[in-house]
Amino acid sequence: MDGCKLLKDLFDCLGMSHMCNRFLSLGYDQLQDVIYLKKDQIESLIVNPGESTKFLRRLYEERKVVSLWLQELGLRNYQEALFSCGLTSLKSFIGVTVQSVEISGITNCVHQRRLLRAVQILAESFISRDAVGIGEWSAHGQAKGGRFLVDSGSDVVTLRPGIIRDLNLEPIGTAKQTGASGVIIDTCIYSACVKIGEKTVPVEVVSDAMDSLGTPVLRHFNHLIHNDKHFWLEKTCD
């Protein structure tokens with residue numbers, strides 16, 4: 001089956017066949033061209049907010065979409081085995097591993113790699129829909145977003161003295177802190193705001209040798225680590 005036919009079948013199963021010709025006219029003539037689109041790309045193509053939301057929801061939840069996706073990957077013969085393992089929507093494939101692929105009956109290593117490569121692209125497209133910020137996850141187990149170290153074990157936000165000076169932050173008090181030699185010292189506390197995506201979080205900052213974000217910022221977001229990416233996700237309530 002050619003790519004255009006698969007694409008038409010996709011829009012039909014989403015109940016949005018009236019949009020297919022627009023996508024085709026813009027060069028989206030393969031199923032993967034559409035399935036791996038990110039939220040902002042979808043919204044630029046489907047300008048009606050209600051329709052773009054409906055499109056994204058159905059794309060990741062409809063069982064028929066999985067059938068078409070597997071067909072394009074040349075893995076349609078594994079469909080029933082995958083369905084029997086609960087993998088009945090694109091959303092359900094997020095987080096699939098080699099072990100879960102083996103459990104579903106795909107033992108051919110070439111087919112495993114093909115599916116897992118597709119799942120990785122799918123996961124990044126799906127996760128980025130709700131991400132307000134994306135950082136990098138380093139090998140030593142801490143995330144880096146921009147120039148900040150993300151430290152889930154810290155209850156403070158820290159900045160280097162030079163950054164505090166450049167930002168001209170307002171001092172609002174002092175706190176007792178244990179220095180490197182174990183001596184208790186008075187540390188100045190500054191008022192600041194951290195903005196991630198469209199969310200601004202008021203914080204108190206102390207001076208340190210590195211710039212870091214602790215739980216005062218982290219708790220305002222949900223977090224997901226996928227491969228080497230740290231996704232900052234919108235939290236519906238604090």
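**Exercise 1. Which helices do the buried residues of α1 pack against?**

Before we start: this is a predicted model, where local features need pLDDT of at least 70, side-chain atom pairs count only at pLDDT 80 or more, and totals for chains, interfaces and linings use all residues. Numbering runs from 1 along each chain as its sequence is written, and side-chain values use heavy atoms, with hydrogens and water left out.

*Solution.*
- Step 1: find the helix. α1 covers residues 3–13; helices are DSSP runs of H or I with at least four residues, strands are E runs of at least two, and both are numbered from the N terminus.
- Step 2: pick the buried residues (under 20% relative accessible area, 1.4 Å probe, protein chains only). They are Gly3, Leu6, Leu7, Asp9, Leu10 and Phe11.
- Step 3: look for their contacts, meaning heavy atoms within 4.5 Å. The partners turn out to be α2 (20–25), α3 (31–35), α5 (49–61) and α6 (63–73).
- Step 4: check what comes after α1. You hit Gly15, with a positive phi near 70 degrees.

**Exercise 2. Work out whether Thr158 is buried or exposed, and what its side chain pairs with.**

*Solution.*
- Step 1: place Thr158. It sits in strand β4 (residues 157–159).
- Step 2: check accessibility. Thr158 counts as buried because its relative accessibility is 5%.
- Step 3: list neighbours. Leaving out residues up to four places away in sequence, Thr158 touches Phe148, Val205, Val206, Asp208, Met210, Asp211 and Ser212.
- Step 4: go polar. A polar atom of the Thr158 side chain lies 2.9 Å from the backbone oxygen of Met210, and the Thr158 side chain makes a polar contact with the side chain of Ser212 at 2.5 Å. For a polar contact, you need a pair of N or O atoms within 3.5 Å; within protein, one must be able to donate a hydrogen and the other to accept it, and residues adjacent in sequence count only if both atoms are side-chain atoms.

Terms used
Buried means under 20% relative accessible area, exposed over 50%, partly exposed in between (1.4 Å probe, protein chains only).
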